[in-house]
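Please consider the following structure together with its sequence. The paragraphs after it begin at the bound ligand and then turn to the surrounding protein.

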Amino acid sequence: MNTLEKTQPYFKNVGKIKFEGPDSDNPFAYRYYNGQQLVRGKTMEDHLRFAVSYWHSFCGDGSDPFGWGPRPMPWNEGNTAEERAKNKMDAAFEFISKLGLTYYCFHDVDIIDEGENILEFGKRLEFISDYALEKQAEHKVKVLWGTANLFSHPRYMNGAATNPDFNVVAHAGAQVRNALDTTIKLSGENYVFWGGREGYMSLLNTDMKREKEHLARFLHMAKDYARNNGFEGTFFIEPKPAEPTKHQYDYDASTVLGFLREFNLLDDFKLNIEVNHATLALHTFEHELQVSADANALGSIDANRGDYQNGWDTDQFPVDLYELTQAMLIILNAGGFQGGGINFDAKLRRNSTDLEDLFHAHIGGIDAFARALLIADKIATDSDYYPLLKSRYSTFDEGKGADFENGKLSLEDLAEITGDGSHLQQISGRQEYLENLINRYI
Ligand code: XUL
Ligand code: CO
């Protein structure tokens, strides 16, 4: 008997997760996520475009800086890298289909071990992507985005595209070329750059200007290569301020937009906003979404949540309806994602060690987002939220306010209009009223 027959299916105790409605007491059912249900003329599935992330769900064993991983991962069995990679892929597709989802996201190193060197790694990627093509067709599952892991291997300790040593930059280029080839072969809809080590630990040994120029040059090369090889999807940059480096160049959405604009990359690149990265940058998730949406660059999101007491990237599954409702209001108002979706960049807690825990985590996150979508839609259609927001700026809709917006007034005109200032009124921002409004609809 080979390992495959012995262990499959991996999630024996769980069947297909179905929508059973809010009154169901089945923990292995959706209460709110009903993929085919229409919201504003579009199915929930098309609004939310959920993806399972390969790294947390099938590679992460729960290890942390203080201890090795307690999580059993039966799919890690196998005598060769190829066999192990196939087993892991079987587990991944079993899981994604049982959740009834359409997408997954991966790093190159998630789907097969690197091996001896980059040439060997390239061959292994060709092998496992052949298998992925079969699995995708069989399960009707697609790639939301692919990426290259340019941060785990020690060769990248000083950065990848921003490494002060050109030889490492070239190696990163080879790895990204292979990851792009794999993504294109699997009809991946997008490609992500998260610059984990593109930044510095100390400014004392860093020529920041030169490193950022190298990053831009590298992104242009990757984009040109992908476009020349038939990739029509969107590239995403995923901002994060720090961790693992002290300072990351893709600090937050505003910083990344400035960078993309400076280096003429805005036509091809949009943003992938991650909740816990936003809060590490001392912003709310909603703030980062709004900054991206205002620039017409809200590409995708990495869904998770941080911990209010811990300062690091805890990558917990999302559960907070109040926060998610605010996020969905922005996403709906932006007309949805530009090419992307909702990738669960979230991991189980170290002590969640049952195979079923992976289901509870995803079901919870999926239902929380579905519920937030329904609530946000109700707020948008039934409440006075948007009219109130709009009316706050109504003095700019006509007369002198409209002249101001249209650039028809000078500073002297403003002084003349205000006169002695005696006609100014106090107008409440009504923050608490709006906070209660959100709660009312939850
Ligand atoms: C790390 C992180 C990454 C990216 C992909 O904080 O979010 O997993 O999403 O490299
Ligand atoms: Co992420």
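How many Å separate an oxygen atom of ligand 1 from an N or O atom in the side chain of Glu238? In this predicted model, the distance between those two atoms is 2.7 Å. Two further acidic side chains also approach the ligand: a polar side-chain atom of Glu274 lies 2.8 Å from an oxygen atom of ligand 1, and for an N or O atom in the side chain of Asp313 the corresponding distance is 3.2 Å. Of the 290 Å² of accessible area that ligand 1 has on its own, the protein covers 93%.

These three residues belong to a shell around ligand 1 that also includes Trp55, His107, Trp145, Phe151, Trp194, Lys240, His277, Asp302 and Asp345. By class, the shell consists of six charged, four nonpolar and two polar residues.

Attention may now pass to a helix and its surroundings. Helix α12 comprises 13 residues, 321-333. From its first C-alpha to its last it reaches 18 Å, close to the expected 18 Å at 1.5 Å a residue. At the N-terminal end, α12 is capped by Asp320, a side-chain oxygen of which lies 3.0 Å from the backbone nitrogen of Tyr322. After the helix comes Gly335, which has a positive phi near 80 degrees.

Buried residues of α12 include Leu321, Leu324, Thr325, Ala327 and Met328; Leu329, Ile330, Ile331 and Leu332 are buried as well. In an α-helix, residues three or four places apart point the same way, because there are 3.6 residues a turn. The cover over the buried residues of α12 includes the helices α2 (44-48), α11 (285-294), α13 (357-382), α14 (385-391) and α17 (431-441), together with the strand β13 (298-303).

A further region involves Val52 and Ser57. Val52 belongs to strand β5 (residues 50-53), while Ser57 is located in helix α3 (residues 54-59). Val52 counts as buried because its relative accessibility is 0%, under the 20% limit. Ser57 is likewise buried, since its relative accessible area is 3%.

Beyond neighbours up to four places away in sequence, Ser57 touches Val52, Trp75, Leu358 and His362. With the neighbours within four places again left aside, the contacts of Val52 include Ser57, Phe58, Phe95, Ile96, Leu99, Leu101, Asn343 and His362. Tyr103, Tyr104 and Cys105 are also in contact with Val52. The C-alpha atoms of Val52 and Tyr103 are separated by 6.5 Å, although the two residues are 51 residues apart along the chain.

Technical notes:
Residues are numbered from 1 along each chain as its sequence is written. Chains are lettered from A and ligands numbered from 1 in the order in which they are written. This is a predicted model: local features need pLDDT of at least 70, side-chain atom pairs count only at pLDDT 80 or more; totals for chains, interfaces and linings use all residues. Side-chain values use heavy atoms; hydrogens and water are left out. A residue is near a molecule or strand if one of its heavy atoms lies within 4 Å of it. A polar contact is a pair of N or O atoms within 3.5 Å; within protein, one must be able to donate a hydrogen and the other to accept it, and residues adjacent in sequence count only if both atoms are side-chain atoms. Accessible areas come from the Shrake-Rupley method with a 1.4 Å probe; for residues, only the protein chains shown count as cover. Ala, Val, Leu, Ile, Met, Phe, Trp, Tyr, Cys and Pro count as nonpolar, Asp, Glu, Lys and Arg as charged, and the others, Gly among them, as polar. Helices (H or I, at least four residues) and strands (E, at least two) are DSSP runs, numbered from the N terminus. The expected span of a helix is 1.5 Å times one less than its number of residues. Buried means under 20% relative accessible area, exposed over 50%, partly exposed in between (1.4 Å probe, protein chains only). Contact means heavy atoms within 4.5 Å.
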